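User: I'm new to reading protein models and would like a close look at a single part: how the pieces pack against one another. Could you take me through it slowly?

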Amino acid sequence: MESRGSVPARPVPYEGVWRFTAPAVDASVPQARHAVRDLIDRQAVPVEDDILQGLLLIVSELVTNAVRHAALLSPELAVEVAIGAEWIRVSVEDNHPYRPTALVTDYGQTGGRGLLLVREITAEAGGVCDVEHTAGGGKIIWAALPLKTQL
C-alpha cells in the first residue's frame, strides 16, 4: 500500500529481457558478443566499462562452449540478456544434457579453462554464476554481474 504523497516506483528505461537464437557454429561467437554490446548501447544501460568488457568475454566463452561441446545434440543455442536496475544477467542455453564443471587444467594446454574464466570474472565483479538444467533436458549457463563495481 502506498502512503499519501509517495510516487510509485517505475522501472528504469533500460530494464527488460531479450532473447535471441543462433546456430551452434563458430560465426555465432562474435555475432552474439556484438548483439549483446549493441543491445546494451541501444538500451543505454549505465554499465561500467570494466564490467561490460568482462560480460562480453563471458558471452564469448559461453557461446564458444556451446558451439564446441553441444552442437552435435544442439544445433541451435539461445542467448538471453536480462537487465535490472542494478545488474545484468547473460545466459546461454543449449539442448545438450551434459552439465559442465569448471576445472583447473594443465597450464600447458591451450584450452579447457572457459568456465573457470567465467567463474573468476564473475566473482571479481561481485556477481554470481551457475549451471541449471532445463525442463527439456538441456542446460542454461548464466552469469549475473552488477552494473557498477562493488567496493
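Analyst: Let's begin with some vocabulary: an angle under 35 degrees counts as roughly parallel, over 145 as roughly antiparallel, 65 to 115 as roughly perpendicular, and the rest as oblique. Helices (H or I, at least four residues) and strands (E, at least two) are DSSP runs, numbered from the N terminus.

This is a predicted model, in which local features need pLDDT of at least 70 and side-chain atom pairs count only at pLDDT 80 or more, while totals for chains, interfaces and linings use all residues. Residues are numbered from 1 along each chain as its sequence is written, and side-chain values use heavy atoms, with hydrogens and water left out.

First, the overall layout. The protein has 3 helices and 5 strands, which follow the pattern β-α-α-β-β-α-β-β along the sequence. The strands form an open antiparallel sheet in the order 1-2-3-5-4; two strands count as paired if DSSP finds at least two bridges between them. At the edges, strand 1 (16-23) and strand 4 (128-133) each pair on one side only. On average, neighbouring strands are turned by 15° against each other, direction ignored.

Strand 5 is a good place to look at the pairing. It shares 8 bridges with strand 3, in the antiparallel sense, and 6 bridges with strand 4, again antiparallel. One residue of strand 5, I140, is the bridge partner of E93 and also of E132. Strand 4 and strand 5 form a hairpin with 5 residues between them, and G137 in the turn has a positive phi of about 95°.

Now for the helices on the sheet. Helix 2 packs there, touching strand 2, strand 3 and strand 5, and its direction makes about 10° with that of strand 3. Helix 3 touches strand 4 and strand 5, at about 30° to the direction of strand 5. Contact here means heavy atoms within 4.5 Å. Axes are lines fitted to C-alpha atoms, for helices over the stretch in contact, and angles run from 0 to 180 degrees between N-to-C directions.

How do helix 2 and helix 3 meet each other? They pack at an angle of about 155°, with their axes 9 Å apart. Helix 2 and helix 3 are therefore roughly antiparallel to each other. Helix 2 passes helix 3 in a left-handed crossing, the name used if the near helix is turned anticlockwise from the far one by less than a right angle; clockwise would be right-handed. Among the residues that meet are I51, G54 and I58 from helix 2, and L117, V118 and I121 from helix 3.

Finally, the interior. Of the 151 residues, 43% count as buried, meaning under 20% relative accessible area; exposed is over 50%, and partly exposed lies in between (1.4 Å probe, protein chains only). A nonpolar core is a set of buried Ala, Val, Leu, Ile, Met, Phe, Trp, Tyr and Cys residues joined through side-chain atoms within 4.5 Å. The largest one has 36 residues, and those with the most contacts inside it include V36, I40, I58 and I88. Helix 2, helix 3 and strand 5 are among the elements that give two or more residues to this core, and helix 2 gives the most, with 10 residues. Leaving aside neighbours within four places in sequence, I40 is in contact with V45, V47, L52, L55 and I88.
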